[in-house]
Amino acid sequence: MSWLRPLGNTGLNVSAIGLGTVKLGRNREVKYPGNFALPDDRSAAALLAQARELGINLIDTAPAYGSSEERLGKLLAGQRQHWLICSKVGEEFQQGKSHFDFSPQHIRNSVQRSLRRLNTDVIDILLIHSDGSDLQIIEHTDSLEELAQLKNEGLIRSYGMSTKTVEGGLAAAHRCDVVMLTYNPVQREELPVLECCKKMHCGALVKKPLASGHLVTNNSDATDPVQSSMDLVLGHPGTTAAIVGTITPAHLLANVAAARRAIS
Ligand SMILES: NC(=O)c1ccc[n+]([C@@H]2O[C@H](COP(=O)([O-])OP(=O)(O)OC[C@H]3O[C@@H](n4cnc5c(N)ncnc54)[C@H](OP(=O)(O)O)[C@@H]3O)[C@@H](O)[C@H]2O)c1
């Protein structure tokens, strides 16, 4: 498949690699192998320019990623039209702790706040940020219905869920435009979700393709773990894009090169 690929039936064409931006906005209570400092504005702007230069048009953020949305709103000023922005709703991270609210009122307020922070009048992809109770959220809250309403109103272009379970991912693939799921060489449990996304023509964004970096730090054999991951993730016909989190320019370059080899 080509570098730019259709995101399910949304009409959006996303790059095979999306840039994950947890590390632009939050360095507390994260699951990465080591501690890190948030990049300053100059480094963050250079990283975004590099990503754009490398052909990336998809950027993933969330209200739960600390200052990520707000920083992107400033950093992307004047270049909004280049980017497809994915943000989320339902998880709030405050005073070092996450709490969750999937009520329609919270969803509406949160999306309106994301629009202000991101300095835009529409968000391209909006996902429920699951706490792990995927099916409960899908079947016993009106969160997806509220997102459908926000799409009708033109505040978001497409919607879906970032899931944590196979059952939740399958249910979301039947009801949504987009599912975000975990899939990498050491976490393959959600493979049936990718297969279902392909069958349902649902966009599939793969989060944690490097197992949040642990795949690289724990690599003990001679193979290139980044290439192995890209071959696996982008080699699956259900995958639309791999969302890789990085604030290191050399890693961004290597990830795009590996992704381009994987799809060639
Ligand atoms: N619940 C959810 O919705 C959810 C959960 C998790 C993630 N996500 C999204 O998915 C994105 C990706 O997940 P993630 O950030 O957890 O994990 P990831 O992309 O699997 O791994 C990121 C980690 O790997 C390192 N890395 C990246 N490229 C590398 C390379 N070529 N060589 C060596 N190390 C490399 C990064 O460090 P450097 O910064 O030094 O490169 C970073 O610490 C997130 O940023 C976020 O946007 C969503």
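**Exercise 1. Two residues with positive phi**

Asn119 is found in the loop between helix 4 and strand 8, in a model that is predicted. Task: establish what sign phi has at Asn119, and whether Asn119 is buried or exposed.

*Solution.* The backbone comes first: phi of Asn119 is near 60°, which is a positive value in a residue other than glycine. The second step turns to accessibility, where the cut-off for an exposed residue is over 50% relative accessible area; Asn119, with a relative accessible area of 53%, is therefore exposed. A parallel case is His201, placed in the loop between helix 8 (191-200) and strand 11 (203-207), whose phi is near 55° and again positive in a residue other than glycine. Because its relative accessibility is 51%, His201 counts as exposed.

**Exercise 2. The surroundings of Ser87**

Task: locate Ser87 among the secondary-structure elements, decide whether Ser87 is buried or exposed, and find which side chain makes a polar contact with the side chain of Ser87.

*Solution.* Ser87 belongs to strand 5, which spans residues 84-89. Its relative accessibility is 0%, and Ser87 therefore counts as buried. The polar partner of the Ser87 side chain is the side chain of Glu69, at 2.6 Å. When neighbours within four places in sequence are left aside, the residues in contact with Ser87 include Thr61, Ala62 and Pro63, together with Glu69 itself, and also Ser114, Leu118 and Ile123.

**Exercise 3. Strands 3, 9 and 10**

Task: for strand 3 (residues 17-20), determine which residues are buried on each face, and which residues stand opposite Gly18 in strand 12 and in strand 4.

*Solution.* Both faces of strand 3 are covered, with Ile17 and Leu19 buried on one side and Gly18 and Gly20 buried on the other. Strand 12 (residues 241-245) pairs with strand 3 in the parallel sense over four bridges, and in this pairing Gly18 stands opposite Ile243. Strand 4 (residues 58-60) also runs parallel to strand 3, to which it is joined by three bridges, and here the residue opposite Gly18 is Leu58.

The analysis can be repeated for strand 10 (residues 178-182), in which five of five residues are buried. Val178, Met180 and Thr182 lie on one side, whereas Val179 and Leu181 lie on the other. Strand 10 pairs with strand 9 in the parallel sense over three bridges, and Val178 of strand 10 has Gly160 opposite.

**Exercise 4. The buried side of helix 6**

Task: identify the buried residues of helix 6 (residues 143-152), and explain why they can be assigned to the same side of helix 6.

*Solution.* The buried residues are Ser143, Leu144, Glu146, Leu147 and Leu150. Because they cover an arc of only 155° around the axis, they are placed on the same side of helix 6. The general background is that an α-helix has 3.6 residues a turn, so residues three or four places apart point the same way. The elements that cover these buried residues include strand 5, helix 4 (104-118), strand 8 (125-129) and helix 7 (166-175). Just after helix 6, Gly154 adopts a positive phi of about 85°.

**Exercise 5. Phe102 and His129**

Task: determine where Phe102 is found, how far apart the C-alpha atoms of Phe102 and Ser143 are, and which residues His129 touches.

*Solution.* Phe102 is found in the loop between strand 7 (97-100) and helix 4, and its relative accessible area of 11% makes Phe102 a buried residue. Although Phe102 and Ser143 are 41 residues apart along the chain, their C-alpha atoms are separated by 5.8 Å. Not counting residues up to four places away in sequence, Phe102 touches Ser143 and also, among others, Ile107, Ile137 and His129. His129 is itself found in strand 8 and is buried, with a relative accessible area of 10%. With the same sequence neighbours left out, the residues that His129 touches include Phe102, Phe100, Lys88, Tyr65 and Ser162.

**Exercise 6. The ligand**

Task: find how many residues surround the ligand, and which polar atom of Gly245 lies 2.8 Å from an oxygen atom of the ligand.

*Solution.* The ligand is surrounded by 28 residues, of which the closest are Asp60, Ser162, Thr246, Thr248 and His251. At Gly245 the atom in question is a polar backbone atom, whereas Thr246 places a polar side-chain atom 2.5 Å from an oxygen atom of the ligand. The protein covers 90% of the 890 Å² of accessible area that the ligand has on its own.

Technical notes:
Residues are numbered from 1 along each chain as its sequence is written. This is a predicted model: local features need pLDDT of at least 70, side-chain atom pairs count only at pLDDT 80 or more; totals for chains, interfaces and linings use all residues. Side-chain values use heavy atoms; hydrogens and water are left out. Buried means under 20% relative accessible area, exposed over 50%, partly exposed in between (1.4 Å probe, protein chains only). A polar contact is a pair of N or O atoms within 3.5 Å; within protein, one must be able to donate a hydrogen and the other to accept it, and residues adjacent in sequence count only if both atoms are side-chain atoms. Contact means heavy atoms within 4.5 Å. Two strands pair if DSSP finds at least two bridges between them. A residue is near a molecule or strand if one of its heavy atoms lies within 4 Å of it. Accessible areas come from the Shrake-Rupley method with a 1.4 Å probe; for residues, only the protein chains shown count as cover. The arc is that of the directions from the helix axis to the C-beta atoms.
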